[in-house]
Amino acid sequence: MTPEPPAGPHTAPGARQESPPRPAPAPTPAPAPRPAAAAGDGFRKEVPDEVPASASSASTEEAPPERLGSDLSGRQRLVKGLWPPRITRAQLIVALLLFGLGFGLAVQVASNSEGDSALRGARQEDLVRILDELDDRTERLEDEKQGLEEQRDELENSSDQAEEARRQTLERERQLGILAGTVAAQGPGITLVVEDPKGMVESNMLLDAVQELRAAGAEAIQVNGVRVVAGTYLSDSGDGVSVDGNKITAPYRFKVIGKPQDLEPALNIPGGVVQTLEKEQATASVERSTKIVVDALRSAKQPGYARSSSQ
(Lines give C-alpha, C1' and ligand atoms only; values in the text may rest on other atoms or scores of the structure.)
Protein backbone atom coordinates (compact mmCIF):
# COMPACT_ATOMS: atom_id res chain seq x y z
CA MET A 1 0.00 0.00 0.00
CA THR A 2 1.36 3.34 -1.13
CA PRO A 3 1.83 5.75 1.65
CA GLU A 4 -0.16 9.00 1.34
CA PRO A 5 1.68 12.20 1.24
CA PRO A 6 1.64 14.16 4.34
CA ALA A 7 -1.22 16.57 4.64
CA GLY A 8 -0.63 20.19 4.60
CA PRO A 9 -1.39 22.48 7.37
CA HIS A 10 -4.82 23.29 5.95
CA THR A 11 -5.68 19.94 4.51
CA ALA A 12 -7.90 17.64 6.42
CA PRO A 13 -6.67 14.11 6.93
CA GLY A 14 -8.06 11.68 4.42
CA ALA A 15 -8.98 14.47 1.87
CA ARG A 16 -7.74 14.44 -1.77
CA GLN A 17 -4.98 16.90 -2.38
CA GLU A 18 -5.45 19.16 -5.42
CA SER A 19 -2.67 19.85 -7.91
CA PRO A 20 -1.00 23.22 -7.61
CA PRO A 21 -2.29 25.96 -10.05
CA ARG A 22 -0.45 26.47 -13.32
CA PRO A 23 1.44 29.71 -13.76
CA ALA A 24 -0.35 32.43 -15.93
CA PRO A 25 1.02 32.89 -19.48
CA ALA A 26 3.21 35.89 -20.09
CA PRO A 27 1.35 38.86 -21.60
CA THR A 28 1.82 39.36 -25.34
CA PRO A 29 3.74 42.58 -25.98
CA ALA A 30 1.65 45.31 -27.61
CA PRO A 31 2.60 46.29 -31.18
CA ALA A 32 4.95 49.14 -31.36
CA PRO A 33 3.20 52.42 -32.18
CA ARG A 34 3.70 53.73 -35.75
CA PRO A 35 5.80 56.82 -36.15
CA ALA A 36 3.90 60.04 -36.35
CA ALA A 37 3.32 61.45 -39.82
CA ALA A 38 5.44 64.27 -41.04
CA ALA A 39 4.32 67.85 -40.66
CA GLY A 40 3.28 68.06 -44.34
CA ASP A 41 1.17 64.85 -44.11
CA GLY A 42 -0.99 65.99 -41.23
CA PHE A 43 -4.19 65.67 -43.31
CA ARG A 44 -3.30 62.35 -44.98
CA LYS A 45 -5.57 59.50 -44.02
CA GLU A 46 -4.09 56.29 -42.73
CA VAL A 47 -4.42 53.49 -45.27
CA PRO A 48 -4.98 50.07 -43.77
CA ASP A 49 -2.31 47.52 -44.35
CA GLU A 50 -4.71 45.06 -45.82
CA VAL A 51 -7.48 45.91 -48.30
CA PRO A 52 -10.50 43.68 -48.29
CA ALA A 53 -11.01 41.55 -51.34
CA SER A 54 -14.47 43.03 -51.98
CA ALA A 55 -13.06 46.57 -52.15
CA SER A 56 -10.38 45.54 -54.63
CA SER A 57 -12.92 43.86 -56.88
CA ALA A 58 -15.20 46.93 -56.76
CA SER A 59 -12.35 49.25 -57.75
CA THR A 60 -11.54 46.94 -60.63
CA GLU A 61 -15.12 46.95 -61.89
CA GLU A 62 -15.52 50.76 -61.70
CA ALA A 63 -12.82 51.94 -64.07
CA PRO A 64 -12.36 55.70 -64.55
CA PRO A 65 -13.84 57.27 -67.66
CA GLU A 66 -10.36 58.08 -69.00
CA ARG A 67 -9.55 54.42 -68.94
CA LEU A 68 -12.78 53.55 -70.72
CA GLY A 69 -12.23 56.29 -73.30
CA SER A 70 -8.96 54.71 -74.33
CA ASP A 71 -10.90 51.76 -75.71
CA LEU A 72 -12.77 54.01 -78.24
CA SER A 73 -11.65 54.37 -81.83
CA GLY A 74 -10.24 57.62 -83.20
CA ARG A 75 -13.46 58.56 -85.01
CA GLN A 76 -15.56 57.90 -81.91
CA ARG A 77 -13.27 60.08 -79.79
CA LEU A 78 -13.52 62.86 -82.44
CA VAL A 79 -17.33 62.71 -82.46
CA LYS A 80 -17.41 62.66 -78.67
CA GLY A 81 -15.18 65.74 -78.53
CA LEU A 82 -17.25 67.69 -81.09
CA TRP A 83 -20.72 66.85 -79.85
CA PRO A 84 -22.33 68.34 -77.92
CA PRO A 85 -20.69 71.60 -79.05
CA ARG A 86 -19.23 73.88 -76.41
CA ILE A 87 -19.59 77.47 -77.64
CA THR A 88 -18.21 80.36 -75.64
CA ARG A 89 -19.31 83.98 -75.85
CA ALA A 90 -16.14 85.04 -77.63
CA GLN A 91 -16.59 82.34 -80.28
CA LEU A 92 -20.19 83.45 -80.85
CA ILE A 93 -19.16 87.08 -81.35
CA VAL A 94 -16.43 86.08 -83.81
CA ALA A 95 -18.89 83.90 -85.71
CA LEU A 96 -21.37 86.79 -86.01
CA LEU A 97 -18.65 89.14 -87.26
CA LEU A 98 -17.49 86.62 -89.85
CA PHE A 99 -21.08 86.09 -90.98
CA GLY A 100 -21.59 89.83 -91.45
CA LEU A 101 -18.32 90.14 -93.38
CA GLY A 102 -19.24 87.23 -95.64
CA PHE A 103 -22.70 88.63 -96.29
CA GLY A 104 -21.26 92.02 -97.23
CA LEU A 105 -18.76 90.43 -99.61
CA ALA A 106 -21.51 88.34 -101.21
CA VAL A 107 -23.67 91.44 -101.79
CA GLN A 108 -20.72 93.33 -103.26
CA VAL A 109 -19.84 90.47 -105.60
CA ALA A 110 -23.48 90.16 -106.68
CA SER A 111 -23.75 93.88 -107.46
CA ASN A 112 -20.50 93.80 -109.42
CA SER A 113 -21.70 90.76 -111.31
CA GLU A 114 -24.91 92.55 -112.30
CA GLY A 115 -22.97 95.53 -113.62
CA ASP A 116 -20.55 93.29 -115.48
CA SER A 117 -23.40 91.28 -116.99
CA ALA A 118 -25.05 94.48 -118.28
CA LEU A 119 -21.83 95.53 -119.99
CA ARG A 120 -21.11 91.98 -121.15
CA GLY A 121 -24.44 91.83 -122.97
CA ALA A 122 -24.08 95.26 -124.58
CA ARG A 123 -23.36 95.69 -128.23
CA GLN A 124 -20.04 96.89 -129.53
CA GLU A 125 -21.55 100.24 -130.56
CA ASP A 126 -22.88 100.75 -127.03
CA LEU A 127 -19.53 99.95 -125.47
CA VAL A 128 -17.79 102.41 -127.78
CA ARG A 129 -20.35 105.07 -126.88
CA ILE A 130 -19.84 104.48 -123.14
CA LEU A 131 -16.09 104.75 -123.59
CA ASP A 132 -16.47 107.98 -125.54
CA GLU A 133 -18.66 109.40 -122.79
CA LEU A 134 -16.03 108.63 -120.16
CA ASP A 135 -13.38 110.26 -122.33
CA ASP A 136 -15.57 113.36 -122.72
CA ARG A 137 -16.06 113.62 -118.97
CA THR A 138 -12.32 113.41 -118.45
CA GLU A 139 -11.79 116.08 -121.08
CA ARG A 140 -14.30 118.41 -119.40
CA LEU A 141 -12.55 118.04 -116.07
CA GLU A 142 -9.21 118.78 -117.68
CA ASP A 143 -10.65 121.90 -119.35
CA GLU A 144 -12.05 123.09 -116.05
CA LYS A 145 -8.73 122.54 -114.36
CA GLN A 146 -6.93 124.44 -117.12
CA GLY A 147 -9.40 127.34 -116.87
CA LEU A 148 -8.82 127.68 -113.13
CA GLU A 149 -5.07 127.64 -113.65
CA GLU A 150 -5.36 130.38 -116.28
CA GLN A 151 -7.40 132.53 -113.90
CA ARG A 152 -4.76 132.09 -111.25
CA ASP A 153 -1.99 133.08 -113.68
CA GLU A 154 -3.94 136.15 -114.80
CA LEU A 155 -4.37 137.28 -111.22
CA GLU A 156 -0.69 136.79 -110.49
CA ASN A 157 0.63 138.49 -113.68
CA SER A 158 -1.91 141.28 -114.16
CA SER A 159 -0.64 144.83 -113.57
CA ASP A 160 -4.00 145.89 -112.16
CA GLN A 161 -4.84 142.92 -110.00
CA ALA A 162 -7.85 144.63 -108.43
CA GLU A 163 -9.53 145.20 -111.81
CA GLU A 164 -8.77 141.67 -112.94
CA ALA A 165 -10.18 140.28 -109.74
CA ARG A 166 -13.35 142.35 -110.22
CA ARG A 167 -13.77 141.08 -113.79
CA GLN A 168 -13.34 137.47 -112.73
CA THR A 169 -15.79 138.01 -109.87
CA LEU A 170 -18.48 139.26 -112.26
CA GLU A 171 -17.89 136.34 -114.60
CA ARG A 172 -18.07 133.93 -111.72
CA GLU A 173 -21.29 135.57 -110.53
CA ARG A 174 -22.85 135.07 -113.96
CA GLN A 175 -21.86 131.42 -114.00
CA LEU A 176 -23.19 130.83 -110.53
CA GLY A 177 -26.42 132.64 -111.48
CA ILE A 178 -26.96 130.16 -114.31
CA LEU A 179 -26.34 127.23 -111.98
CA ALA A 180 -28.61 128.72 -109.30
CA GLY A 181 -31.38 129.43 -111.82
CA THR A 182 -31.51 133.18 -111.18
CA VAL A 183 -30.23 134.08 -114.67
CA ALA A 184 -31.61 132.98 -118.06
CA ALA A 185 -29.28 131.02 -120.30
CA GLN A 186 -29.01 129.93 -123.90
CA GLY A 187 -26.69 127.71 -125.88
CA PRO A 188 -26.46 124.36 -127.65
CA GLY A 189 -28.12 121.35 -126.13
CA ILE A 190 -30.96 118.87 -126.49
CA THR A 191 -34.69 118.60 -125.97
CA LEU A 192 -36.03 115.44 -124.31
CA VAL A 193 -39.75 114.74 -124.62
CA VAL A 194 -41.31 111.91 -122.56
CA GLU A 195 -44.78 110.70 -123.59
CA ASP A 196 -46.69 108.75 -120.95
CA PRO A 197 -50.05 107.54 -122.36
CA LYS A 198 -50.44 104.82 -119.70
CA GLY A 199 -49.58 107.05 -116.77
CA MET A 200 -46.75 104.72 -115.66
CA VAL A 201 -43.95 107.30 -115.39
CA GLU A 202 -43.04 108.10 -111.79
CA SER A 203 -40.95 110.80 -110.20
CA ASN A 204 -37.92 108.56 -109.66
CA MET A 205 -37.65 107.93 -113.42
CA LEU A 206 -37.57 111.65 -114.16
CA LEU A 207 -35.05 112.12 -111.36
CA ASP A 208 -32.81 109.50 -113.00
CA ALA A 209 -33.00 111.51 -116.23
CA VAL A 210 -31.96 114.70 -114.41
CA GLN A 211 -29.02 112.95 -112.75
CA GLU A 212 -27.85 111.40 -116.01
CA LEU A 213 -27.96 114.79 -117.72
CA ARG A 214 -26.01 116.43 -114.91
CA ALA A 215 -23.40 113.69 -115.01
CA ALA A 216 -23.07 114.22 -118.77
CA GLY A 217 -22.29 117.92 -118.30
CA ALA A 218 -25.67 119.67 -118.41
CA GLU A 219 -25.29 123.31 -117.34
CA ALA A 220 -28.96 124.36 -117.27
CA ILE A 221 -32.14 122.24 -117.16
CA GLN A 222 -35.78 123.21 -117.40
CA VAL A 223 -38.76 120.81 -117.13
CA ASN A 224 -42.19 122.04 -118.24
CA GLY A 225 -41.43 125.61 -117.24
CA VAL A 226 -39.75 124.74 -113.90
CA ARG A 227 -36.03 125.48 -113.49
CA VAL A 228 -34.03 122.56 -112.11
CA VAL A 229 -31.31 123.55 -109.64
CA ALA A 230 -29.09 121.79 -107.14
CA GLY A 231 -31.80 121.65 -104.46
CA THR A 232 -34.62 120.51 -106.75
CA TYR A 233 -36.74 117.61 -105.52
CA LEU A 234 -39.33 115.49 -107.37
CA SER A 235 -42.28 113.60 -105.93
CA ASP A 236 -45.36 111.77 -107.18
CA SER A 237 -48.52 113.85 -107.24
CA GLY A 238 -51.69 112.06 -108.34
CA ASP A 239 -51.64 111.63 -112.10
CA GLY A 240 -48.48 113.68 -112.51
CA VAL A 241 -45.21 114.67 -110.90
CA SER A 242 -44.38 117.52 -108.56
CA VAL A 243 -41.14 119.48 -109.13
CA ASP A 244 -40.25 121.66 -106.14
CA GLY A 245 -43.96 121.73 -105.25
CA ASN A 246 -45.05 122.63 -108.82
CA LYS A 247 -47.23 119.94 -110.39
CA ILE A 248 -46.49 119.01 -113.99
CA THR A 249 -48.14 116.44 -116.25
CA ALA A 250 -47.20 114.48 -119.36
CA PRO A 251 -45.77 115.05 -121.84
CA TYR A 252 -42.62 115.94 -119.88
CA ARG A 253 -40.37 118.30 -121.88
CA PHE A 254 -36.74 118.71 -120.80
CA LYS A 255 -34.78 121.64 -122.21
CA VAL A 256 -31.11 121.06 -121.51
CA ILE A 257 -28.07 123.22 -122.31
CA GLY A 258 -24.78 121.41 -122.75
CA LYS A 259 -22.71 119.52 -125.27
CA PRO A 260 -25.18 117.54 -127.40
CA GLN A 261 -22.58 114.89 -128.23
CA ASP A 262 -22.39 114.04 -124.51
CA LEU A 263 -26.01 114.52 -123.47
CA GLU A 264 -27.74 112.29 -125.99
CA PRO A 265 -25.52 109.19 -125.53
CA ALA A 266 -25.92 109.48 -121.76
CA LEU A 267 -29.66 108.93 -122.12
CA ASN A 268 -29.34 106.05 -124.60
CA ILE A 269 -26.81 103.86 -122.79
CA PRO A 270 -27.89 100.22 -122.17
CA GLY A 271 -30.15 100.10 -119.14
CA GLY A 272 -30.33 103.90 -119.11
CA VAL A 273 -33.18 106.38 -119.04
CA VAL A 274 -34.65 105.66 -122.49
CA GLN A 275 -34.75 101.88 -122.01
CA THR A 276 -36.25 102.24 -118.53
CA LEU A 277 -39.04 104.45 -119.87
CA GLU A 278 -39.73 102.05 -122.72
CA LYS A 279 -40.18 99.20 -120.23
CA GLU A 280 -42.96 101.27 -118.61
CA GLN A 281 -44.69 101.65 -122.02
CA ALA A 282 -43.56 105.27 -122.30
CA THR A 283 -41.69 106.84 -125.20
CA ALA A 284 -38.72 109.18 -125.06
CA SER A 285 -37.40 111.20 -127.97
CA VAL A 286 -34.18 113.23 -128.02
CA GLU A 287 -33.51 116.07 -130.42
CA ARG A 288 -30.27 118.01 -130.73
CA SER A 289 -30.24 121.76 -131.26
CA THR A 290 -27.66 124.50 -131.66
CA LYS A 291 -29.71 126.92 -129.57
CA ILE A 292 -31.70 126.02 -126.47
CA VAL A 293 -33.22 128.80 -124.38
CA VAL A 294 -33.74 128.17 -120.67
CA ASP A 295 -35.68 131.16 -119.39
CA ALA A 296 -37.46 129.80 -116.28
CA LEU A 297 -36.01 131.63 -113.28
CA ARG A 298 -35.78 130.96 -109.58
CA SER A 299 -35.85 133.65 -106.96
CA ALA A 300 -32.58 134.10 -105.10
CA LYS A 301 -32.86 133.13 -101.47
CA GLN A 302 -30.85 134.87 -98.81
CA PRO A 303 -29.24 132.32 -96.51
CA GLY A 304 -30.53 132.54 -92.99
CA TYR A 305 -27.42 131.35 -91.16
CA ALA A 306 -24.49 131.04 -93.59
CA ARG A 307 -22.25 134.08 -94.01
CA SER A 308 -19.20 134.70 -96.14
CA SER A 309 -15.98 133.90 -94.34
CA SER A 310 -14.36 137.07 -95.74
CA GLN A 311 -16.74 139.34 -93.81
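## The main pocket

The lining of the largest pocket is a mix: 13 nonpolar, 7 polar and 12 charged residues. Keep in mind that this is a predicted model. The space inside the largest pocket comes to about 1000 Å³. Its lining is made up of 32 residues, and those nearest the centre are Glu-144, Arg-172, Gln-175, Leu-179 and Glu-219.

Where does the lining come from? Helix 5 (124-157), helix 6, strand 2 (220-223) and strand 3 (226-228) each put in at least two residues. Helix 6 gives the most, with 11 residues.

## The runner-up pocket

The second largest pocket has a volume of about 300 Å³. Here 13 residues do the lining, with Ala-180, Arg-298, Ser-299, Ala-300 and Lys-301 nearest the centre. Sorted by class, that lining has 6 nonpolar, 4 polar and 3 charged residues.

## The five-stranded sheet

Now for the sheet. It is an open one, built from 5 strands in the order 3-2-7-1-8, with antiparallel pairing. Strand 3 and strand 8 sit at the edges, each pairing on one side only. From one strand to the next, the twist averages 25°.

Strand 1 (residues 185-195) runs antiparallel to strand 8, and 10 bridges join the two. If you'd like a spot to look at in the viewer, try Val-193: its bridge partner in strand 8 is Ser-285.

## A hairpin and its turn

Strand 4 (residues 234-237) and strand 5 (residues 240-243) also pair in the antiparallel sense, over 4 bridges. Ser-235 faces a serine too, standing opposite Ser-242 in strand 5. The hairpin has 2 residues between the strands, and Gly-238 takes a positive phi near 65° there.

## Salt bridges

How many salt bridges does the structure hold? There are 4. As a general point, side chains of opposite charge can pair when their charged atoms come close.

One of them joins Glu-171 and Arg-174, at 2.6 Å from N to O. Both residues belong to helix 6 (residues 161-180), where they are 3 residues apart, about one turn of the helix. Are they buried or exposed? Neither, quite: Glu-171 counts as partly exposed because its relative accessibility is 31%, and Arg-174 is partly exposed as well, at 42%.

Another pairs Asp-239 with Lys-247, with the closest N and O atoms 3.1 Å apart. With a relative accessible area of 64%, Asp-239 is exposed. Lys-247 has a relative accessible area of 48%, so this lysine is classed as partly exposed, given that the exposed class needs over 50%.

## A link from strand to helix

Arg-288 and Glu-264 form a salt bridge too, and their closest N and O atoms are 2.4 Å apart. Arg-288 is in strand 8 (residues 283-294) and Glu-264 is in helix 8 (residues 260-267), so the pair ties together parts that are 24 residues apart in sequence. Arg-288 comes out as partly exposed because its relative accessibility is 43%.

Strand 8 is worth a second look, then: this edge strand of the sheet pairs with strand 1 and also carries Arg-288, the partner of Glu-264. Helix 6 likewise turns up twice, giving the most residues to the lining of the largest pocket and holding both Glu-171 and Arg-174.

How values were computed
Residues numbered from 1 in each chain as written. Predicted model: local features only at pLDDT ≥ 70, side-chain atom pairs only at ≥ 80, totals over all residues. Heavy atoms only, no water. Pairing = 2+ DSSP bridges. Salt bridge = Lys/Arg side-chain N within 4 Å of Asp/Glu carboxyl O. Buried < 20%, exposed > 50% of the residue type's maximum accessible area, 1.4 Å probe, protein only. 1 Å grid on protein atoms, 1.4 Å probe; cavity = no way out; pocket = protein on both sides within 12 Å on 5 of 7 lines; lining within 4 Å. Points joined across faces, edges and corners; volume = space filled by probe spheres on them. Nonpolar A, V, L, I, M, F, W, Y, C, P; charged D, E, K, R; others polar. Axes fitted to C-alpha atoms, helices over the stretch in contact; angles between N-to-C directions.
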